[in-house]
Structure formats: structure tokens, C-alpha cells
Amino acid sequence: MIEQLFIIAPVGAVFALLFAFIQARKIYSFPEGSDLMKRISQSVRTGANAYLKRQYTGVALFFVVMFIILGIMAFAKLLTPFVPFAFISGGIISGLSGFIGMKIATAANARTAHASSYSLNKGLKVAFSAGSVMGFTVVGLGVLFLSIWFLLLKYVFFAPGSEAILELVAKGFTVENAQIQLISSTMLTCGMGASSMALFARVGGGIFTKAADVGADLVGKVEAGIPEDDPRNPAVIADNVGDNVGDVAGMGADLYESYTGSIVATMALAVSAGYGFGGAIVPMIMAAAGIVSSIIGALFVRSGEKTDQRHLLAALRKGTYISSALIIILAVPIVYFCLDCANHGGFTGPRFGVYWAILSGLLAGVLIGMFTEYYTSDSYKPTKNLAHSSLTGPATLIIGGISLGMISTAIPVIIVGTSVLVSFYASGGGADPETLKIGLYGVAISAVGMLSTLGITLATDAYGPIADNAGAIAELSHLPEEVRKRTDALDALGNTTAAIGKGFAIGSAALTALALIVAFIDEIVFMRPDFIFNLSITNPPVLIGLMVGVMLPFMFSSMTMNAVGRAAQQIVIEVRRQFKEIAGLMEGTAEPDYATCVDICTKSAQKEMIMPALMGILSPVVFGLILGVNGIAGMLAGATASGFVLAIMMANSGGSWDNAKKHIEGGAYGGKGSDPHKAAVVGDTVGDPFKDTSGPSINILIKLMSMVAIVFAGLILNYSIFK
């Protein structure tokens, strides 16, 4: 019965991909507008494709090296022979998710601008449909990919009579538990591959987009006093290319990794929780139910012609709330049948407590989204107050933005902490070792609940960069002011929905990272059942590991922020040079050299992304070999705690600075060109790497470090200095 239920997962994945295909066909049926709009869109498309080609070429070298290293470890019996292939395939699908989303986004930008010339609702329809392609491609590919690996591992590579299974049965494992243990260990490496690709994509894309954005704003808006996306600005095309390679391709790889990571982390805890295959397939079927719910919710997204944020947010909220309500209903039969609740007390038994854990995660995600909206939307007091602080200059605006980001961490921490407690105890968790593992399974499944409606959540997130590009094309092609007003409204909404999407990703990252730490401990016990853990805070390796872990997200953020700063300096110098040396540029009688700025951003991003990404990948191995198993557990806990808080602070500060600028551009405090506007632009340039480079990359970092620790657990266990 349970094995037959699994077919729901790949069927749901196929539905998601079909829906994405239908939405893509619909996008291409809309007209692109004038020849000038088509030409601008083609320039953005060409630049984005060139960047991704160069990025994937460079990242491919890293994957080849890692494949060889993992192959050597497999040859030494430290890993199963399928792990290197799982790693490579995870990275490929993660990159593919971002690439498909970017292709549709670059096709939809001019179409959104043209549709906005008719009505706001038509512009929203095109942009949201394009975002839906990204959202449903990510969930569809993720579930389909994991389903294929699960079926291959269960029925081919780790079939009941295979050598690996027989070895574990001889050690006292049942066939079912042996299969799940080997399957989950291998599939966690799929997650490591996806996380590695996501980190490169997020960091590299983030450096590109924010270097171009900062350079274009500082020289164009502040120094030259020309409008945003003015065709005279040499960095304007690079800025729009960056929206696609960072906020679409990078974000797609990022949330693909979050989505699949939460699923495989939960599967990894099914054995220790005593749920067997039923517990392993619950997250997969929940993902399929989330796909169906998200498709239905997406059909309800539409707006009127009011451009204020409350009405636009309400239009998108309608879809997400409907999806969440459907998940609440569908999760009941999923838990009931997969965990065999009928034989364990029915709807009131301990196993049905997993349902309440799922609801806890789902509710936590909705609440994080609501409070993220409160702190970042200019419809509410915090961002309005931040905009008001621009009256006294950029210094007070920056102070206010940092302060806002710091205070905004309190409620998400309380929400996630409450969700952990509810999930743990509702699912049957307790102090003894047996019920402890049951409760931790509940914590892991709550992350799946939080991301169950990722299809529509990511659709509302991905549409933002498309609306941003549409506004630029409207400006560059001299469309009427009314069109730009509509695209600006869609863009401002995109800033808020992007912040909400980051909140979901960061919240789920904290829950998933907790589950992965437990999976790391389980992996050690699996390899050496007699290993004695000493995770006391008074144990020096644990204490040192904790402090190192707390430090790593700050060090990582410093590296990525500096990378954006160095790349932005080159853009500033180049834009100033062109304004000075190209005769007639400021008068509008000469064309700027857009290609040079695109090339500078591309080269800078490729060079600067290497060290931060390698730091995240190598840290668990290096410190694990020094501090040992206990020390690395402390390090992972420290990184999860500090990374969660730092990521929220940076994402919310950046989102609020951006919308404070949009609030002023809407006419407050003198509007565009005023001194408060110039102050807000400076604040926005500080917030750019906060919200689009460092902040969102941290949630990948904390999960990637845990996955690397699991994959290299055998190496750490056998060769560390402190045993």
C-alpha cells in the first residue's frame, strides 16, 4: 500500500512541469511591443546567456574535481559508489532550474512592459505567469529528480539481494531500514550537489547584479541626476542583465536547493524515528500535494487597476492563502495512510501528531511572510519611518535601515522557535533517545510543510525581477508615463514579495539545517554504533566549534560584500569615464558602450564568487579534521543559529531600504531628484548586497555545510585530530 502511494510524487511532478510548459507557451503568445523594445530585450537576453555560459563553464571544473574526490572516497569504502553521480546530477538539475527560469524571464520582460501599456492587471498577469514558470519548474524538476533517484536506489542499486543490503542485514538491520539508510545517505549527496551549484549561482549572480545596480545608481542618479534606467547610463543594460542572472537564475537554484534539501533531510530521519518507508515518502507526497495546491492557487491571482501596494499584495496573497488552505486539507489523508495511523490510534494517535508538525511549519511560513511584509513594504510604518529619516541625509537613513533589520529578527526567531517546539512535541518527541528521534522527525517535516506551497511562493518572488526589467524597458523605449507608473507599482510589489520569498527560504533553512545536524549524528552512529558523543558545551572541541560556526556566516558575508564593493568600484569608474569621454552622451546624441559594463560585471562575478563558495564547502572538512565529530556538531549548530539571524537582518534591511526609495520616488518628500531621494538611493545601494547577495546566500551556506559534513563523515570520523 505504502509503496503504491509513492507514485503520487512523480505524477505530481509531471503536473507541475506541464503547468510550467503551458504558462511558458502563454508567455510567448503575448506581443513584445515595438522594434526598440524587442532590441533592448534581446540585449538583456544576450548578456544573461553569455554570463551563464561562462559561469557554468567555470563551475563545471569544480564539479569535475569534486567528482574525482568523491570517487576516491567511494573506492576507499568511505562512501557508496553512487554518491559521486548523485552529487553531479544534483548540481546539474539545480543549475537547469535557474537556467529555465532565466530564459522565460528574459522573454517576458518586454512583454510585461507592453502589456502594462494596456492595464496594470495585464502587466501583472504576464509577469506572474513568467514567475510561475520558474516556480513550477523548480518544484517539478525537484520532485521528479528525487523520485527517479529513489526508485533507482530502492529497486536497482540497493535491491533486497544486493551486496550493500546483505552487509547491513548481517549487522542487525532489517532490509527496509537498510534500504532507507543507504537511499537517504546517497540522496543527501544530491542535496550537496544542488547546494554547491546554488551557492555559486547565488553568490556569482548576486555580485553581478548588485555591482551593476550600485554603479548605475551612484553615478547615474546621484552624480549625474538622470532617471533610473535612463538610456544614457552605460550600466543600465548590465543592471537589467543582473536582475536575471542573480534574482532569477540564482534564486531558482537557491530555492531548488532549499526545497529538495528539506525533503531529503526528512527522509534521512525516517529510520531513526521508526517510520520506515512510510515516513520516508511523506515529504515526497506532501510536495506533490503542494504542487496541486499551488496550481489551483495560481489560478486565483488577478488584480484591479489600483497601484497601491495593499491591493496588489492582496491579489497575490489570495493565491498563496488558497494554496495553504488546500495543503491543510490534503495533509490529513497523506499522514493518515503513509504513517498507518489507523493502527496507531487513528486521528488522535501519536503518529497523527506529524500532521500538526506539518501545519506548524506551514503556519510559521505564512507568519514569517506576513511580518517580512510588515517590515519591508512601504504600506506600513517601519518603511515609511525609514523613508522619513532621509530628510536628514543618508547617514540617518542607513542607521535606521540597519536598526530596522536588527529588530525584525526577533519575531521570525520566536516564530521558528515556537514551530520547533510545537513540531517536536506534537509529533511525539520526548527526552529519551527513542522519542527524541521521533520529535526531530517532526521538526524536519515542518520544514517540508513550510515549503510545500513553494510553487506559488516562488512564482510571486520570481515575477519581481521581471517587473523590474519591464520598468527599465518602458523607460528605455520612451513609453508613456502611465506605463512606467504601472511597472513601478509592480516593481515595488516585487521588492516585498522577494523579501517574503527570502523569509520563507531562510526560515526553512533553519529548520532543515537542524534536521541535517541530526542526520549527521545518525550517519556517525550508522558508521560506528559504539561512538560516544560528548556534545556538552563544556567540551572544548564543541565550544570552539560553536564559536567558529557563529563566526563563519559573518566571514562569508564580509567576503561577498567586499566582492560587490570591488566590482561596483570598477563599474563606477567605467560609467564616469564614458560620461566624460563620449561626446554627446549626456545630450542623448551618442550611444553609450553598454557591452563593456556587462563584461566588467561578468568577469568580476566569476572571479569574486570562488573564495566565498570554497569557504563554505571546505570549512566543514577542514574544521572537522581538526575538531572531530563533536566539534563539527558544535560548528554546525553555531552556523545555523547565527546564519539564520544574520540572513533575516540583511534581507529585511535591504528590502526596506529599497522600498523606502520607491516610496520617495512615488512623490513623498519631494520625489525623484530631491535631496531625500538621493539619500534613499545611497541607502538602497548599501542594501543591495545585503538583500540580494550576502543575505540569501547564507541560507544556502548553513545547509551546505551540514551536507558536506554528512558526506565527509567517514573521513572526519577516522582521521580527525580530536576523536
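In the predicted model, Ser360 lies in helix H12, which spans residues 353-376. With a relative accessible area of 11%, Ser360 is buried, because this value falls under the 20% cut-off. Leaving aside neighbours within four places in sequence, Ser360 is in contact with Ser419, Val422 and Ser423. The C-alpha atoms of Ser360 and Val443 are 9.2 Å apart in space, whereas the two residues are 83 residues apart in sequence.

Other buried positions were examined in helices H7, H19 and H22. Asp217 is found in helix H7, and its relative accessible area of 2% makes Asp217 a buried residue. When neighbours within four places in sequence are left aside, the contacts of Asp217 are with Val222, Lys661, Val681, Asp684 and Thr685. Between Asp217 and Asp239 the C-alpha to C-alpha distance is 9.6 Å, at a separation of 22 residues in sequence.

Pro553 is placed in helix H19 and is buried, its relative accessible area being 0%. Not counting residues up to four places away in sequence, Pro553 touches Ala639, Ser642, Gly643, Leu646, Ile698 and Leu701. Pro553 and Gly206 are 347 residues apart in sequence, and their C-alpha atoms are 16 Å apart in space.

Ser706 belongs to helix H22. A relative accessible area of 0% is computed for Ser706, which is therefore buried. Residues up to four places away in sequence not being counted, Ser706 touches Ala513, Leu516, Ile517 and Leu636.

Two helix pairs were then considered. Two packed helices are described by the angle between their axes and the distance between the axes. Helix H4 comprises residues 83-116 and helix H5 residues 120-157; their axes come within 8 Å and cross at roughly 170 degrees. Helix H4 is therefore roughly antiparallel to H5, since angles over 145 degrees are counted as roughly antiparallel. The residues of the contact of H4 with H5 comprise 17 nonpolar, 9 polar and 2 charged.

In the second pair, the axes of H20 and H21 come within 5 Å, with a crossing angle of roughly 25 degrees. This angle makes H20 roughly parallel to H21, because angles under 35 degrees count as roughly parallel. On the H20 side, Gln606, Lys607 and Glu608 meet Ile610, Met611 and Pro612 of H21. By class, the residues of this contact of H20 with H21 divide into 3 nonpolar, 1 polar and 2 charged.

Helix H20 itself consists of 15 residues, from 594 to 608. From its first C-alpha to its last, H20 reaches 21 Å, close to the 21 Å expected at 1.5 Å a residue. At the start of H20, a side-chain oxygen of Asp593 comes to within 3.4 Å of the backbone nitrogen of Ala595. The buried residues of H20 are Tyr594, Cys597, Val598, Ile600, Cys601, Thr602, Ser604, Ala605, Gln606 and Glu608. An α-helix has 3.6 residues a turn, so residues three or four places apart point the same way. The buried residues of H20 pack against five helices, namely H3 (35-75), H7 (175-224), H8 (236-268), H19 (540-581) and H21 (610-665). Gln606 and Glu608 are among the buried residues of H20 and also take part in the meeting of H20 with H21.

Backbone conformation was also considered in two loops. Most residues other than glycine have a negative phi, and most peptide bonds are trans. His478, although not a glycine, has a positive phi of about 60 degrees. This residue is located in the loop between helix H17 (454-476) and helix H18 (481-527). His478 counts as exposed because its relative accessibility is 61%, and the cut-off for exposed residues is over 50%.

Tyr669 likewise is not a glycine and has a positive phi, of about 55 degrees. The loop that holds Tyr669 runs between H21 and helix H22 (675-711). At 30% relative accessibility, Tyr669 is classed as partly exposed.

Technical notes. Residues numbered from 1 in each chain as written. Predicted model: local features only at pLDDT ≥ 70, side-chain atom pairs only at ≥ 80, totals over all residues. Heavy atoms only, no water. Axes fitted to C-alpha atoms, helices over the stretch in contact; angles between N-to-C directions. Helix = DSSP H or I, 4+ residues; strand = E, 2+ residues; numbered from the N terminus. Parallel < 35°, antiparallel > 145°, perpendicular 65-115°, else oblique. Nonpolar A, V, L, I, M, F, W, Y, C, P; charged D, E, K, R; others polar. Expected span 1.5 Å × (residues − 1). Buried < 20%, exposed > 50% of the residue type's maximum accessible area, 1.4 Å probe, protein only. Contact = heavy atoms within 4.5 Å. Polar contact = N/O pair within 3.5 Å; in protein donor to acceptor, adjacent residues only side chain to side chain.
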